[in-house]
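Here are a few exercises to work through with the model open beside you. Try each task before you read its solution.

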Protein chains: 2
Amino acid sequence: MSKEIIHVAIVEDDDELRQMLAYVINGTPGFYCKHTYIDCESAIKELPNIYVHVVLMDIELPGITGIEGVAILKKALPHIDFIMLTIRQDDASLFGSLCAGATGYLTKDTPPSNLLQSISEVRNGGAPMSTRIARKVIASFKIDRKASPLTTRETEILNLLCDGMNYRSIAEQLFLSAHTVKTHIKNIYRKLHVTSRASAVKKAIDDGLI
Amino acid sequence: MSKEIIHVAIVEDDDELRQMLAYVINGTPGFYCKHTYIDCESAIKELPNIYVHVVLMDIELPGITGIEGVAILKKALPHIDFIMLTIRQDDASLFGSLCAGATGYLTKDTPPSNLLQSISEVRNGGAPMSTRIARKVIASFKIDRKASPLTTRETEILNLLCDGMNYRSIAEQLFLSAHTVKTHIKNIYRKLHVTSRASAVKKAIDDGLI
DNA sequence: GCTTCCATCACCCAAAAGGGGTATTTTGAG
DNA sequence: CTCAAAATACCCCTTTTGGGTGATGGAAGC
């Protein structure tokens with residue numbers, strides 16, 4: 001664990017909460033919060049000129065949202081870690097924030113001790129998340145591939161279609177006649193309800209078949 | 001926090017570690033470990049017949065790997081939470097496990113107290129992860145879309161290609177001549193280094209262009 | 001003012017794809 | 001053993017695609 005003092009900035013439009021957060025941070029050894037902002041516009045203007053390690057970012061802000069703000073700021077200041085601090089638990093907010101470059105995601109019911117621990121954690125290479133949030137993130141990976149309607153051979157050929165191979169190339173690679181490849185592809189089209197290679201590839205990817 | 005006793009099973013081929021883990025779990029109030037397995041084969045045979053909440057799963061096992069094991073077991077026993085407990089930190093192991101349905105991922109340097117806390121956490125709707133692991137998971141969402149090489153019009157047409165539309169349909173939809181559509185598609189192919197619709201769709205999806 | 005990119009439209013031609021059939025062999029489940 | 005599904009192979013025919021080449025007008029950048 002690093003012993004350096006962690007410099008924290010806050011972007012939060014609620015005056016009371018913003019001041020309370022700064023108060024808690026400044027009242028804890030090892031943490032320091034000098035800069036707070038009421039919206040992303042001012043944060044975007046000021047942050048490049050100050051020294052800060054971690055930013056606590058609200059999502060629901062007037063003007064530029066916290067998610068858009070992170071996307072903009074993270075691109076300009078990739079060394080800063082952004083922790084979302086929000087009441088929102090919907091998938092769009094969560095995954096939007098992560099795609100934008102947030103490194104942590106805490107709900108506002110996080111008690112102060114956990115919040116401080118999360119700030120330390122993000123500074124030490126972690127990615128702090130509220131309990132339910134973590135579960136959502138993990139669950140998003142699980143692929144319950146509905147039993148593919150395709151046979152092994154068909155799936156094999158579908159993969160080669162993705163590489164842009166034509167009948168003949170596929171046939172050579174699989175030691176089949178081009179006629180057979182064509183028959184398989186016709187069956188693939190029928191099963192996926194498509195009529196072209198392009199849409200077969202798209203549907204296969206969307207449905208997690210490949 | 002639930003006060004019920006959490007029933008834990010272990011799948012781990014190292015005799016010493018397996019016994020040590022069981023010893024720690026059984027020595028802690030609120031935790032109970034009656035069943036341990038040295039490989040996935042025996043776990044797959046026994047787990048459906050026993051009462052258990054959480055399974056600690058190693059990855060490197062003789063025969064069926066922990067990842068394959070989770071995929072098989074999670075499908076049959078979706079109510080059980082699987083926590084990977086492994087020395088492996090590579091992306092393939094991590095994301096393979098998550099896709100298979102693991103709910104937690106701990107490295108073997110996790111101290112016993114953290115391990116027990118993680119078991120509680122997963123039982124309470126969380127998704128416990130080691131610090132670095134969490135960061136990897138979060139980082140996997142971040143999309144730094146390299147500026148698309150395609151123009152607005154080309155991207156527009158690329159999207160229609162995904163729907164399996166032909167020159168004529170695209171032309172009608174965009175109020176263009178089919179000749180123009182063809183020119184755009186030729187330019188798309190050149191920029192994406194492909195020579196067919198199927199591979200253009202694949203590459204566009206892979207590169208996050210659509 | 002010049003150049004570059006974008007968007008638009010056009011023609012020719014060979015290759016490939018797609019739709020409709022039919023048929024044999026292998027494999028697997030009951 | 002039997003039946004169904006899967007995998008294999010072939011034919012005919014029309015439509016679509018991909019590659020090459022060329023041209024024009026407008027907007028943006030230098």
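**Exercise 1. Count the residue pairs in polar contact between chain A and chain B, then describe the side of chain A that touches chain B.**

Step 1. Between chain A and chain B you should get four residue pairs in polar contact, both residues at pLDDT 80 or more (N or O atoms within 3.5 Å; within protein, one must be able to donate a hydrogen and the other to accept it, and residues adjacent in sequence count only if both atoms are side-chain atoms).

Step 2. Look at which helices (DSSP runs of H or I, at least four residues, numbered from the N terminus) take part: α4, α5 (112-123), α6 (131-139), α7 (152-162) and α10 (197-206) of chain A each supply at least two residues of that side.

Step 3. Sort the residues of this side of chain A and you get 18 nonpolar, ten polar and nine charged. Here Ala, Val, Leu, Ile, Met, Phe, Trp, Tyr, Cys and Pro are nonpolar, Asp, Glu, Lys and Arg are charged, and the others, Gly among them, are polar.

A word on the ground rules: this is a predicted model, so local features need pLDDT of at least 70 and side-chain atom pairs pLDDT 80 or more, while totals for chains, interfaces and linings use all residues. Residues are numbered from 1 along each chain as written, chains are lettered from A and ligands numbered from 1 in the order written, and side-chain values use heavy atoms, without hydrogens and water.

**Exercise 2. Find which side chain Asp81(A) meets in a salt bridge.**

Step 1. Chain A and chain B share two salt bridges (a side-chain nitrogen of Lys or Arg within 4 Å of a carboxyl oxygen of Asp or Glu).

Step 2. In one of them, Asp81(A) pairs with Arg135(B), at 3.6 Å from N to O.

Step 3. Both residues are also among the contacts of Thr103(A) beyond four places in sequence (heavy atoms within 4.5 Å).

**Exercise 3. Work out which protein atoms approach DNA strand D, and whether they meet phosphate or base.**

Step 1. Start with the phosphates: a backbone N or O atom of Ser177(A) is 2.8 Å from a phosphate oxygen of the strand, and a polar side-chain atom of Arg168(B) is 3.2 Å from a phosphate oxygen.

Step 2. Now a base: a side-chain N or O atom of Lys186(B) sits 2.9 Å from a base oxygen of DNA strand D.

Step 3. Finish with the surface near the strand (a heavy atom within 4 Å), where α9(A) gives the most, with five residues.
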